[in-house]
Amino acid sequence: MSKRTIITGGIAVLMSGVLLGVTLDTIVSEDDTRAALKKLERAFLIINERYVEKVDAADLAERAMEAMLDELDPHSVYIDAERMRRVNEDFSGGFEGIGISYEFVDGPEDEDTLTVQSVIPGGPSDEVGLMPGDRIVEIDGAEVIGIVSADVQRTLKGPRGTTVDIVVNRPGWGSPLVFTITRDRIPLHSVDVAYMVDDRTGYIKVSRFAKTSHREFLEALDDLESGGMERLMLDLRGNAGGYMEMAVRMADEFLGSDVLIVSQKGRSRATNVQFRGRDDGRFERGAVIVLVDEASASASEIVAGALQDHDRALVVGERTFGKGLVQQQFTLPDGSSIRVTVSHFHTPSGRLIQTPFENGDREDYIRAKRALRDETALMSVEEILERVPDSLKYSTAAGRTVVGGGGILPDYLVRPDSASPFMRELYRQNLANLFARSWLDRYRDALRAEWGDDRRSYREEFRIDDATFEEFLDFARNHGVVISDVGEGFSKDLVEADRQYVEAQIKARMAVGLFDLGAYYPVWHDVDRIFIEAMTLWPKAEELIRRSSER
(Lines give C-alpha, C1' and ligand atoms only; values in the text may rest on other atoms or scores of the structure.)
Protein backbone atom coordinates (compact mmCIF):
# COMPACT_ATOMS: atom_id res chain seq x y z
CA MET A 1 0.00 0.00 0.00
CA SER A 2 1.56 3.26 -1.08
CA LYS A 3 1.07 6.23 1.21
CA ARG A 4 3.43 8.72 -0.34
CA THR A 5 2.15 12.28 0.01
CA ILE A 6 3.35 14.96 -2.40
CA ILE A 7 2.52 18.61 -2.81
CA THR A 8 2.22 20.65 -5.99
CA GLY A 9 1.05 24.24 -6.05
CA GLY A 10 -0.35 23.87 -2.56
CA ILE A 11 0.37 23.81 1.13
CA ALA A 12 1.61 20.59 2.73
CA VAL A 13 0.19 19.52 6.05
CA LEU A 14 3.45 19.48 7.98
CA MET A 15 4.37 17.29 10.87
CA SER A 16 4.05 18.83 14.32
CA GLY A 17 6.82 19.28 16.82
CA VAL A 18 10.52 19.97 16.50
CA LEU A 19 13.20 17.65 15.17
CA LEU A 20 14.78 16.03 18.18
CA GLY A 21 18.26 15.29 16.85
CA VAL A 22 18.06 11.54 17.44
CA THR A 23 21.26 9.78 16.42
CA LEU A 24 21.65 6.34 14.95
CA ASP A 25 23.50 5.12 18.05
CA THR A 26 20.57 5.96 20.31
CA ILE A 27 18.10 4.37 17.89
CA VAL A 28 19.91 1.01 17.81
CA SER A 29 21.14 0.88 21.40
CA GLU A 30 19.17 -2.25 22.28
CA ASP A 31 20.77 -5.60 21.42
CA ASP A 32 17.73 -7.06 19.63
CA THR A 33 17.39 -3.91 17.51
CA ARG A 34 21.06 -4.01 16.57
CA ALA A 35 20.76 -7.70 15.63
CA ALA A 36 17.72 -7.01 13.47
CA LEU A 37 19.57 -4.19 11.72
CA LYS A 38 22.51 -6.48 10.94
CA LYS A 39 20.11 -9.09 9.59
CA LEU A 40 18.50 -6.54 7.30
CA GLU A 41 21.88 -5.28 6.11
CA ARG A 42 23.06 -8.86 5.39
CA ALA A 43 19.95 -9.68 3.37
CA PHE A 44 20.31 -6.47 1.35
CA LEU A 45 23.94 -7.26 0.49
CA ILE A 46 23.15 -10.86 -0.49
CA ILE A 47 20.38 -9.74 -2.86
CA ASN A 48 22.55 -6.99 -4.33
CA GLU A 49 25.56 -9.28 -4.93
CA ARG A 50 24.10 -12.73 -5.59
CA TYR A 51 20.70 -12.28 -7.25
CA VAL A 52 20.64 -13.76 -10.76
CA GLU A 53 20.07 -10.38 -12.38
CA LYS A 54 21.60 -7.04 -11.55
CA VAL A 55 19.44 -5.02 -9.20
CA ASP A 56 19.19 -1.28 -8.65
CA ALA A 57 20.48 -0.96 -5.08
CA ALA A 58 19.06 2.53 -4.57
CA ASP A 59 15.62 1.53 -5.81
CA LEU A 60 15.71 -1.62 -3.68
CA ALA A 61 16.52 0.42 -0.58
CA GLU A 62 13.69 2.88 -1.26
CA ARG A 63 11.15 0.10 -1.73
CA ALA A 64 12.33 -1.52 1.50
CA MET A 65 11.82 1.74 3.41
CA GLU A 66 8.35 2.18 1.94
CA ALA A 67 7.46 -1.38 2.95
CA MET A 68 8.65 -0.80 6.53
CA LEU A 69 6.63 2.39 6.87
CA ASP A 70 3.54 0.69 5.40
CA GLU A 71 3.52 -1.56 8.49
CA LEU A 72 3.20 1.36 10.89
CA ASP A 73 0.28 3.79 10.53
CA PRO A 74 -1.48 5.53 7.64
CA HIS A 75 0.49 8.75 8.09
CA SER A 76 4.12 7.60 8.42
CA VAL A 77 5.68 8.11 4.98
CA TYR A 78 8.92 8.02 3.01
CA ILE A 79 9.78 11.05 0.84
CA ASP A 80 12.51 10.55 -1.75
CA ALA A 81 15.20 13.17 -2.30
CA GLU A 82 13.63 14.76 -5.39
CA ARG A 83 10.21 15.05 -3.78
CA MET A 84 11.80 16.40 -0.61
CA ARG A 85 13.46 19.13 -2.65
CA ARG A 86 10.11 20.13 -4.13
CA VAL A 87 8.37 20.10 -0.75
CA ASN A 88 11.04 22.44 0.62
CA GLU A 89 10.63 24.63 -2.46
CA ASP A 90 6.90 24.83 -1.90
CA PHE A 91 7.44 26.09 1.65
CA SER A 92 10.08 28.64 0.70
CA GLY A 93 7.48 31.09 -0.62
CA GLY A 94 5.30 31.51 -3.66
CA PHE A 95 5.15 29.23 -6.66
CA GLU A 96 3.06 28.65 -9.74
CA GLY A 97 0.93 25.62 -10.46
CA ILE A 98 -2.65 24.34 -10.40
CA GLY A 99 -3.21 24.61 -6.64
CA ILE A 100 -3.66 21.11 -5.25
CA SER A 101 -1.96 18.72 -2.87
CA TYR A 102 -2.12 15.10 -3.92
CA GLU A 103 -1.20 11.61 -2.86
CA PHE A 104 -0.83 8.16 -4.40
CA VAL A 105 -3.29 5.42 -3.44
CA ASP A 106 -3.61 1.87 -4.69
CA GLY A 107 -5.29 1.65 -8.07
CA PRO A 108 -6.02 -0.96 -10.75
CA GLU A 109 -3.56 -3.85 -10.93
CA ASP A 110 -1.72 -2.50 -7.85
CA GLU A 111 -0.61 0.61 -9.76
CA ASP A 112 -0.64 3.92 -7.93
CA THR A 113 -3.54 6.26 -8.69
CA LEU A 114 -2.97 10.00 -8.43
CA THR A 115 -5.60 11.39 -6.06
CA VAL A 116 -6.44 14.98 -5.13
CA GLN A 117 -5.87 15.36 -1.40
CA SER A 118 -6.96 18.97 -1.06
CA VAL A 119 -7.70 21.98 -3.26
CA ILE A 120 -6.19 25.34 -2.38
CA PRO A 121 -9.06 27.85 -1.94
CA GLY A 122 -8.98 30.48 -4.63
CA GLY A 123 -6.46 28.59 -6.72
CA PRO A 124 -6.85 27.49 -10.35
CA SER A 125 -8.19 24.01 -9.49
CA ASP A 126 -10.75 25.45 -7.07
CA GLU A 127 -11.86 27.84 -9.79
CA VAL A 128 -12.75 25.05 -12.23
CA GLY A 129 -14.36 22.79 -9.61
CA LEU A 130 -11.75 20.13 -8.87
CA MET A 131 -12.54 18.41 -5.55
CA PRO A 132 -10.68 16.40 -2.89
CA GLY A 133 -10.93 12.69 -3.64
CA ASP A 134 -10.88 13.12 -7.42
CA ARG A 135 -8.76 10.43 -9.10
CA ILE A 136 -6.65 11.95 -11.86
CA VAL A 137 -6.45 9.45 -14.73
CA GLU A 138 -5.17 11.60 -17.61
CA ILE A 139 -2.94 14.66 -17.93
CA ASP A 140 -2.79 16.35 -21.34
CA GLY A 141 -4.10 13.22 -23.04
CA ALA A 142 -1.63 10.83 -21.41
CA GLU A 143 -2.82 8.13 -19.04
CA VAL A 144 -1.30 8.58 -15.57
CA ILE A 145 -2.25 5.36 -13.78
CA GLY A 146 1.06 4.24 -12.29
CA ILE A 147 2.72 7.61 -12.97
CA VAL A 148 5.81 8.46 -10.91
CA SER A 149 5.98 11.61 -8.79
CA ALA A 150 8.63 13.34 -10.93
CA ASP A 151 6.34 13.19 -13.96
CA VAL A 152 3.40 14.52 -11.94
CA GLN A 153 5.42 17.55 -10.92
CA ARG A 154 6.67 18.06 -14.46
CA THR A 155 3.17 17.97 -15.96
CA LEU A 156 1.14 19.83 -13.35
CA LYS A 157 3.51 22.61 -12.36
CA GLY A 158 4.44 25.24 -14.91
CA PRO A 159 4.56 28.93 -15.77
CA ARG A 160 1.65 31.17 -14.94
CA GLY A 161 -0.85 31.47 -17.79
CA THR A 162 -0.17 28.07 -19.35
CA THR A 163 -2.91 25.42 -19.34
CA VAL A 164 -3.15 21.74 -18.58
CA ASP A 165 -6.02 19.35 -19.40
CA ILE A 166 -6.83 16.69 -16.84
CA VAL A 167 -9.43 13.89 -16.69
CA VAL A 168 -10.64 12.67 -13.30
CA ASN A 169 -12.83 9.94 -11.93
CA ARG A 170 -14.93 11.27 -9.05
CA PRO A 171 -16.10 8.66 -6.50
CA GLY A 172 -19.87 8.28 -6.63
CA TRP A 173 -20.15 9.79 -10.11
CA GLY A 174 -20.60 7.92 -13.34
CA SER A 175 -18.61 9.31 -16.24
CA PRO A 176 -15.15 10.90 -16.09
CA LEU A 177 -14.87 14.68 -15.73
CA VAL A 178 -12.65 16.85 -17.93
CA PHE A 179 -11.04 20.08 -16.70
CA THR A 180 -8.85 22.65 -18.41
CA ILE A 181 -6.84 24.43 -15.72
CA THR A 182 -4.85 27.62 -16.24
CA ARG A 183 -1.78 27.64 -14.04
CA ASP A 184 -1.40 30.65 -11.79
CA ARG A 185 0.35 32.09 -8.77
CA ILE A 186 -0.98 30.11 -5.82
CA PRO A 187 -2.49 32.11 -2.94
CA LEU A 188 -0.89 31.25 0.37
CA HIS A 189 -3.19 33.05 2.81
CA SER A 190 -4.65 30.98 5.63
CA VAL A 191 -7.47 33.36 6.65
CA ASP A 192 -9.86 33.26 3.70
CA VAL A 193 -12.28 35.88 4.98
CA ALA A 194 -13.14 37.94 8.06
CA TYR A 195 -16.39 39.93 8.09
CA MET A 196 -19.14 41.20 10.37
CA VAL A 197 -22.23 39.02 10.05
CA ASP A 198 -24.30 41.54 12.00
CA ASP A 199 -23.65 44.40 14.43
CA ARG A 200 -22.30 42.02 17.10
CA THR A 201 -21.05 38.91 15.33
CA GLY A 202 -17.69 38.48 13.64
CA TYR A 203 -16.80 35.57 11.38
CA ILE A 204 -13.30 34.28 10.53
CA LYS A 205 -12.64 31.43 8.09
CA VAL A 206 -9.24 29.75 8.58
CA SER A 207 -8.40 27.29 5.79
CA ARG A 208 -5.02 26.03 7.06
CA PHE A 209 -2.43 26.56 9.78
CA ALA A 210 0.62 28.00 8.03
CA LYS A 211 3.54 30.12 9.18
CA THR A 212 1.53 33.32 8.87
CA SER A 213 -1.74 32.05 10.38
CA HIS A 214 -1.39 33.60 13.83
CA ARG A 215 -0.46 36.99 12.41
CA GLU A 216 -3.32 36.86 9.90
CA PHE A 217 -5.72 35.84 12.68
CA LEU A 218 -4.71 38.77 14.89
CA GLU A 219 -5.10 41.17 11.97
CA ALA A 220 -8.59 39.77 11.35
CA LEU A 221 -9.46 40.21 15.05
CA ASP A 222 -8.28 43.82 14.89
CA ASP A 223 -10.50 44.55 11.89
CA LEU A 224 -13.56 42.91 13.43
CA GLU A 225 -13.15 44.47 16.86
CA SER A 226 -12.85 47.88 15.24
CA GLY A 227 -16.20 47.07 13.62
CA GLY A 228 -17.85 46.38 16.98
CA MET A 229 -17.45 42.61 17.28
CA GLU A 230 -18.64 41.17 20.60
CA ARG A 231 -18.78 37.49 19.68
CA LEU A 232 -16.88 35.38 17.16
CA MET A 233 -17.66 32.47 14.86
CA LEU A 234 -14.43 30.65 13.97
CA ASP A 235 -14.87 28.41 10.92
CA LEU A 236 -12.43 25.48 10.72
CA ARG A 237 -14.46 23.40 8.27
CA GLY A 238 -12.29 21.82 5.59
CA ASN A 239 -9.12 22.84 7.48
CA ALA A 240 -6.82 19.80 7.33
CA GLY A 241 -4.29 21.27 9.75
CA GLY A 242 -0.69 22.41 9.43
CA TYR A 243 1.75 23.83 11.94
CA MET A 244 0.92 22.77 15.49
CA GLU A 245 2.55 25.90 16.89
CA MET A 246 0.07 28.07 15.00
CA ALA A 247 -2.85 26.08 16.43
CA VAL A 248 -1.50 26.48 19.97
CA ARG A 249 -0.96 30.21 19.52
CA MET A 250 -4.44 30.69 18.05
CA ALA A 251 -6.11 28.75 20.89
CA ASP A 252 -4.02 30.78 23.36
CA GLU A 253 -5.77 33.96 22.21
CA PHE A 254 -9.02 32.64 23.72
CA LEU A 255 -7.54 31.28 26.97
CA GLY A 256 -5.75 32.56 30.04
CA SER A 257 -2.05 32.19 30.82
CA ASP A 258 -0.69 28.78 31.86
CA VAL A 259 -3.86 27.00 30.68
CA LEU A 260 -3.20 23.56 29.15
CA ILE A 261 -3.93 23.66 25.43
CA VAL A 262 -2.73 20.26 24.20
CA SER A 263 -0.34 17.52 25.29
CA GLN A 264 1.60 14.99 23.28
CA LYS A 265 2.49 11.56 24.60
CA GLY A 266 5.02 9.13 23.16
CA ARG A 267 7.57 6.50 24.17
CA SER A 268 10.45 8.81 25.04
CA ARG A 269 10.68 11.67 27.52
CA ALA A 270 11.43 14.08 24.68
CA THR A 271 8.09 13.30 23.02
CA ASN A 272 6.03 13.84 26.19
CA VAL A 273 5.29 17.55 26.15
CA GLN A 274 2.57 19.87 27.40
CA PHE A 275 1.73 23.11 25.60
CA ARG A 276 0.21 25.82 27.77
CA GLY A 277 -1.02 29.34 27.28
CA ARG A 278 1.75 31.89 27.59
CA ASP A 279 -0.03 35.21 27.94
CA ASP A 280 -3.49 36.61 28.41
CA GLY A 281 -5.43 36.10 25.19
CA ARG A 282 -6.75 38.76 22.87
CA PHE A 283 -10.32 37.43 22.94
CA GLU A 284 -10.88 35.80 26.33
CA ARG A 285 -14.33 37.11 27.22
CA GLY A 286 -16.58 37.17 24.16
CA ALA A 287 -18.74 34.19 23.21
CA VAL A 288 -17.24 31.84 20.59
CA ILE A 289 -18.68 29.22 18.25
CA VAL A 290 -16.29 26.94 16.36
CA LEU A 291 -17.55 25.30 13.15
CA VAL A 292 -16.04 21.92 12.19
CA ASP A 293 -16.75 19.11 9.75
CA GLU A 294 -15.37 15.74 8.68
CA ALA A 295 -12.44 17.41 6.93
CA SER A 296 -11.32 19.38 10.00
CA ALA A 297 -8.16 17.62 11.12
CA SER A 298 -4.93 17.81 13.11
CA ALA A 299 -4.25 21.43 14.11
CA SER A 300 -7.95 22.26 13.69
CA GLU A 301 -8.78 19.54 16.19
CA ILE A 302 -6.24 20.94 18.66
CA VAL A 303 -8.03 24.31 18.61
CA ALA A 304 -11.56 22.86 18.74
CA GLY A 305 -10.64 20.36 21.47
CA ALA A 306 -8.93 22.95 23.67
CA LEU A 307 -11.76 25.48 23.47
CA GLN A 308 -14.38 22.77 24.06
CA ASP A 309 -12.56 21.25 27.05
CA HIS A 310 -12.14 24.64 28.70
CA ASP A 311 -15.81 25.52 28.02
CA ARG A 312 -14.57 28.47 26.03
CA ALA A 313 -16.57 27.76 22.87
CA LEU A 314 -19.48 25.77 21.55
CA VAL A 315 -18.33 23.38 18.83
CA VAL A 316 -20.93 22.98 16.06
CA GLY A 317 -21.05 20.83 12.93
CA GLU A 318 -19.84 17.31 12.21
CA ARG A 319 -17.40 15.03 14.01
CA THR A 320 -13.87 15.91 12.94
CA PHE A 321 -11.46 13.67 11.03
CA GLY A 322 -9.41 12.38 13.95
CA LYS A 323 -5.76 12.98 12.99
CA GLY A 324 -3.79 13.47 16.18
CA LEU A 325 -0.35 12.15 15.33
CA VAL A 326 2.86 14.02 16.11
CA GLN A 327 5.29 13.31 13.31
CA GLN A 328 9.02 13.82 13.27
CA GLN A 329 10.97 14.22 10.06
CA PHE A 330 14.39 12.58 9.75
CA THR A 331 16.65 13.55 6.85
CA LEU A 332 18.65 10.71 5.33
CA PRO A 333 22.14 11.06 3.77
CA ASP A 334 20.89 11.43 0.17
CA GLY A 335 18.47 14.24 1.03
CA SER A 336 15.41 12.00 1.29
CA SER A 337 13.38 11.90 4.49
CA ILE A 338 11.08 9.75 6.53
CA ARG A 339 8.22 11.12 8.59
CA VAL A 340 7.56 8.87 11.53
CA THR A 341 4.82 9.09 14.14
CA VAL A 342 6.49 9.63 17.52
CA SER A 343 3.56 10.55 19.78
CA HIS A 344 -0.14 11.32 19.94
CA PHE A 345 -2.05 14.51 20.70
CA HIS A 346 -4.42 14.64 23.67
CA THR A 347 -6.90 17.40 24.47
CA PRO A 348 -6.76 19.10 27.91
CA SER A 349 -9.36 16.67 29.30
CA GLY A 350 -7.22 13.71 28.16
CA ARG A 351 -9.06 12.72 24.97
CA LEU A 352 -6.98 11.06 22.26
CA ILE A 353 -7.56 13.00 19.03
CA GLN A 354 -6.30 10.21 16.72
CA THR A 355 -8.87 7.77 15.36
CA PRO A 356 -7.72 4.21 16.19
CA PHE A 357 -6.29 2.17 13.31
CA GLU A 358 -5.50 -1.52 12.95
CA ASN A 359 -2.53 -1.24 10.61
CA GLY A 360 -0.95 1.05 8.05
CA ASP A 361 -3.53 0.41 5.31
CA ARG A 362 -4.89 3.85 4.47
CA GLU A 363 -7.93 2.58 2.57
CA ASP A 364 -9.03 0.40 5.51
CA TYR A 365 -8.46 3.40 7.76
CA ILE A 366 -10.75 5.60 5.64
CA ARG A 367 -13.38 2.86 5.34
CA ALA A 368 -13.49 2.52 9.13
CA LYS A 369 -14.04 6.27 9.46
CA ARG A 370 -16.87 6.19 6.94
CA ALA A 371 -18.47 3.24 8.75
CA LEU A 372 -18.44 5.20 12.04
CA ARG A 373 -19.92 8.21 10.27
CA ASP A 374 -22.71 6.15 8.70
CA GLU A 375 -23.46 4.37 11.98
CA THR A 376 -24.03 7.65 13.82
CA ALA A 377 -25.49 9.61 10.89
CA LEU A 378 -28.94 10.04 12.41
CA MET A 379 -27.95 10.20 16.07
CA SER A 380 -27.92 13.25 18.29
CA VAL A 381 -25.03 14.03 20.64
CA GLU A 382 -27.15 12.77 23.54
CA GLU A 383 -27.79 9.44 21.79
CA ILE A 384 -24.09 9.01 21.06
CA LEU A 385 -23.26 9.75 24.71
CA GLU A 386 -25.65 7.00 25.78
CA ARG A 387 -23.95 4.46 23.54
CA VAL A 388 -20.27 5.10 24.16
CA PRO A 389 -18.54 3.28 27.02
CA ASP A 390 -17.58 5.17 30.15
CA SER A 391 -13.91 4.77 29.18
CA LEU A 392 -14.51 7.20 26.30
CA LYS A 393 -16.30 9.81 28.39
CA TYR A 394 -14.38 12.82 29.67
CA SER A 395 -15.28 15.98 31.56
CA THR A 396 -14.69 19.59 30.59
CA ALA A 397 -13.49 22.17 33.09
CA ALA A 398 -17.14 22.96 33.93
CA GLY A 399 -18.14 19.30 34.22
CA ARG A 400 -19.77 18.82 30.82
CA THR A 401 -19.37 15.37 29.28
CA VAL A 402 -17.39 15.11 26.05
CA VAL A 403 -16.52 12.05 23.99
CA GLY A 404 -13.18 10.52 23.03
CA GLY A 405 -12.46 7.72 20.59
CA GLY A 406 -11.08 9.79 17.74
CA GLY A 407 -11.85 13.25 16.45
CA ILE A 408 -13.82 15.98 18.22
CA LEU A 409 -17.54 15.33 18.63
CA PRO A 410 -19.32 18.72 18.48
CA ASP A 411 -21.55 20.01 21.24
CA TYR A 412 -24.23 20.33 18.56
CA LEU A 413 -24.27 18.01 15.58
CA VAL A 414 -25.46 19.71 12.41
CA ARG A 415 -25.07 17.91 9.12
CA PRO A 416 -25.08 19.79 5.81
CA ASP A 417 -27.95 19.29 3.43
CA SER A 418 -27.33 16.36 1.08
CA ALA A 419 -27.22 17.30 -2.58
CA SER A 420 -30.18 16.30 -4.72
CA PRO A 421 -29.57 14.43 -8.02
CA PHE A 422 -30.05 17.73 -9.87
CA MET A 423 -27.50 19.55 -7.71
CA ARG A 424 -25.09 16.63 -8.03
CA GLU A 425 -25.23 16.97 -11.79
CA LEU A 426 -24.61 20.72 -11.59
CA TYR A 427 -21.62 20.10 -9.30
CA ARG A 428 -20.37 17.31 -11.56
CA GLN A 429 -20.16 19.68 -14.52
CA ASN A 430 -19.34 22.78 -12.46
CA LEU A 431 -22.20 24.53 -14.24
CA ALA A 432 -22.94 27.26 -11.70
CA ASN A 433 -19.34 28.45 -11.83
CA LEU A 434 -19.15 28.23 -15.62
CA PHE A 435 -22.40 30.16 -15.99
CA ALA A 436 -21.28 32.83 -13.51
CA ARG A 437 -18.05 33.26 -15.44
CA SER A 438 -19.83 33.60 -18.80
CA TRP A 439 -22.39 35.99 -17.31
CA LEU A 440 -19.63 38.13 -15.84
CA ASP A 441 -17.88 38.22 -19.20
CA ARG A 442 -20.92 40.03 -20.56
CA TYR A 443 -22.00 42.18 -17.62
CA ARG A 444 -18.92 42.67 -15.44
CA ASP A 445 -18.50 46.36 -16.28
CA ALA A 446 -22.13 47.13 -15.52
CA LEU A 447 -22.02 45.21 -12.24
CA ARG A 448 -18.84 46.94 -11.15
CA ALA A 449 -20.34 50.29 -12.03
CA GLU A 450 -23.36 49.48 -9.88
CA TRP A 451 -21.69 47.86 -6.87
CA GLY A 452 -18.11 49.17 -6.91
CA ASP A 453 -16.40 47.65 -3.84
CA ASP A 454 -19.60 47.52 -1.79
CA ARG A 455 -19.78 43.77 -1.31
CA ARG A 456 -22.22 44.05 1.58
CA SER A 457 -24.81 45.82 -0.55
CA TYR A 458 -24.20 43.29 -3.32
CA ARG A 459 -24.91 40.44 -0.93
CA GLU A 460 -28.04 42.03 0.51
CA GLU A 461 -29.55 43.50 -2.65
CA PHE A 462 -28.43 41.60 -5.74
CA ARG A 463 -30.90 38.97 -6.92
CA ILE A 464 -30.86 36.29 -9.61
CA ASP A 465 -34.13 37.24 -11.28
CA ASP A 466 -36.46 34.86 -13.14
CA ALA A 467 -34.99 35.74 -16.54
CA THR A 468 -31.43 35.04 -15.39
CA PHE A 469 -32.48 31.78 -13.74
CA GLU A 470 -34.18 30.64 -16.95
CA GLU A 471 -31.03 31.62 -18.82
CA PHE A 472 -29.06 29.37 -16.49
CA LEU A 473 -31.46 26.46 -17.08
CA ASP A 474 -30.97 26.90 -20.83
CA PHE A 475 -27.21 26.92 -20.19
CA ALA A 476 -27.58 23.64 -18.29
CA ARG A 477 -29.66 22.12 -21.09
CA ASN A 478 -26.96 23.05 -23.57
CA HIS A 479 -24.58 21.01 -21.40
CA GLY A 480 -26.78 17.92 -21.63
CA VAL A 481 -28.90 18.37 -18.48
CA VAL A 482 -32.44 17.19 -19.25
CA ILE A 483 -35.16 19.25 -17.48
CA SER A 484 -38.76 18.33 -18.20
CA ASP A 485 -42.15 17.59 -16.61
CA VAL A 486 -42.34 14.04 -17.95
CA GLY A 487 -39.99 11.29 -19.02
CA GLU A 488 -36.29 11.16 -18.26
CA GLY A 489 -34.28 13.90 -16.63
CA PHE A 490 -35.06 16.26 -13.79
CA SER A 491 -38.56 17.54 -13.13
CA LYS A 492 -39.21 21.26 -12.98
CA ASP A 493 -40.57 20.81 -9.44
CA LEU A 494 -37.22 19.34 -8.34
CA VAL A 495 -35.35 22.15 -10.04
CA GLU A 496 -37.55 24.74 -8.35
CA ALA A 497 -36.95 23.09 -4.95
CA ASP A 498 -33.20 23.53 -5.46
CA ARG A 499 -33.45 27.04 -6.80
CA GLN A 500 -32.14 28.79 -3.66
CA TYR A 501 -28.97 26.66 -3.74
CA VAL A 502 -28.45 27.19 -7.46
CA GLU A 503 -28.91 30.93 -7.14
CA ALA A 504 -26.60 31.09 -4.11
CA GLN A 505 -23.88 29.22 -6.03
CA ILE A 506 -24.17 31.53 -9.05
CA LYS A 507 -24.31 34.68 -6.92
CA ALA A 508 -21.37 33.57 -4.74
CA ARG A 509 -19.21 32.70 -7.74
CA MET A 510 -20.04 36.03 -9.34
CA ALA A 511 -19.04 37.73 -6.08
CA VAL A 512 -15.61 36.12 -6.32
CA GLY A 513 -15.21 37.49 -9.85
CA LEU A 514 -16.36 40.97 -8.82
CA PHE A 515 -14.49 41.23 -5.51
CA ASP A 516 -12.29 38.35 -4.26
CA LEU A 517 -12.48 34.88 -2.70
CA GLY A 518 -13.61 36.31 0.62
CA ALA A 519 -16.80 37.59 -0.99
CA TYR A 520 -17.92 34.00 -1.61
CA TYR A 521 -18.62 33.06 1.99
CA PRO A 522 -21.13 35.75 3.08
CA VAL A 523 -23.27 34.94 0.06
CA TRP A 524 -23.12 31.18 0.54
CA HIS A 525 -23.86 31.52 4.26
CA ASP A 526 -27.42 32.49 3.34
CA VAL A 527 -28.04 28.81 2.45
CA ASP A 528 -25.29 27.16 4.55
CA ARG A 529 -27.20 24.93 6.95
CA ILE A 530 -24.42 24.58 9.53
CA PHE A 531 -23.81 28.34 9.58
CA ILE A 532 -27.53 29.12 9.82
CA GLU A 533 -28.04 26.64 12.66
CA ALA A 534 -24.98 27.95 14.51
CA MET A 535 -26.35 31.49 14.40
CA THR A 536 -29.34 30.31 16.50
CA LEU A 537 -27.02 28.96 19.21
CA TRP A 538 -25.56 32.24 20.47
CA PRO A 539 -27.70 32.21 23.66
CA LYS A 540 -26.18 28.83 24.56
CA ALA A 541 -22.66 30.02 23.74
CA GLU A 542 -23.17 33.11 25.90
CA GLU A 543 -24.58 31.01 28.73
CA LEU A 544 -21.50 28.79 28.53
CA ILE A 545 -19.27 31.87 28.95
CA ARG A 546 -21.34 33.09 31.90
CA ARG A 547 -21.13 29.73 33.69
CA SER A 548 -17.43 29.46 32.97
CA SER A 549 -16.71 32.93 34.39
CA GLU A 550 -18.53 32.03 37.63
CA ARG A 551 -16.16 29.13 38.36
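How many salt bridges does the structure hold? In this predicted model, the count comes to 31 salt bridges. Let's walk through a few of them together.

A good place to begin is Arg529, whose salt-bridge partner is Asp417, with the closest N and O atoms 3.4 Å apart. Arg529 belongs to helix 19 (residues 529-535), while Asp417 sits in the loop between strand 22 (412-413) and helix 12 (421-429), so this pair ties together parts that are 112 residues apart in sequence. As for solvent, Arg529 is partly exposed, with a relative accessible area of 40%, and Asp417 is also partly exposed, at 38%.

Now step back along the chain to Asp526, which forms a salt bridge with Arg459; here the closest N and O atoms are 2.8 Å apart. This pair, too, links distant parts of the chain: Asp526 lies in the loop between helix 18 (520-524) and helix 19, Arg459 lies in helix 14 (residues 455-461), and 67 residues separate them. The two partners fall into separate accessibility classes. Asp526 is partly exposed at 39% relative accessibility, whereas Arg459, at 18%, counts as buried because the cut-off for that class is under 20%.

For a pair within one helix, look at Glu503 and Arg499, whose side chains meet in a salt bridge at 2.5 Å, N to O. Both residues lie in helix 17 (residues 499-514), 4 residues apart, which is about one turn of the helix. Glu503 and Arg499 are both buried.

Salt bridges can also share partners, and in this model such sharing joins Asp198, Arg200, Glu230, Arg231 and Glu542 into one network.

Definitions and conventions:
Residues are numbered from 1 along each chain as its sequence is written. This is a predicted model: local features need pLDDT of at least 70, side-chain atom pairs count only at pLDDT 80 or more; totals for chains, interfaces and linings use all residues. Side-chain values use heavy atoms; hydrogens and water are left out. A salt bridge is a side-chain nitrogen of Lys or Arg within 4 Å of a carboxyl oxygen of Asp or Glu. Helices (H or I, at least four residues) and strands (E, at least two) are DSSP runs, numbered from the N terminus. Buried means under 20% relative accessible area, exposed over 50%, partly exposed in between (1.4 Å probe, protein chains only).
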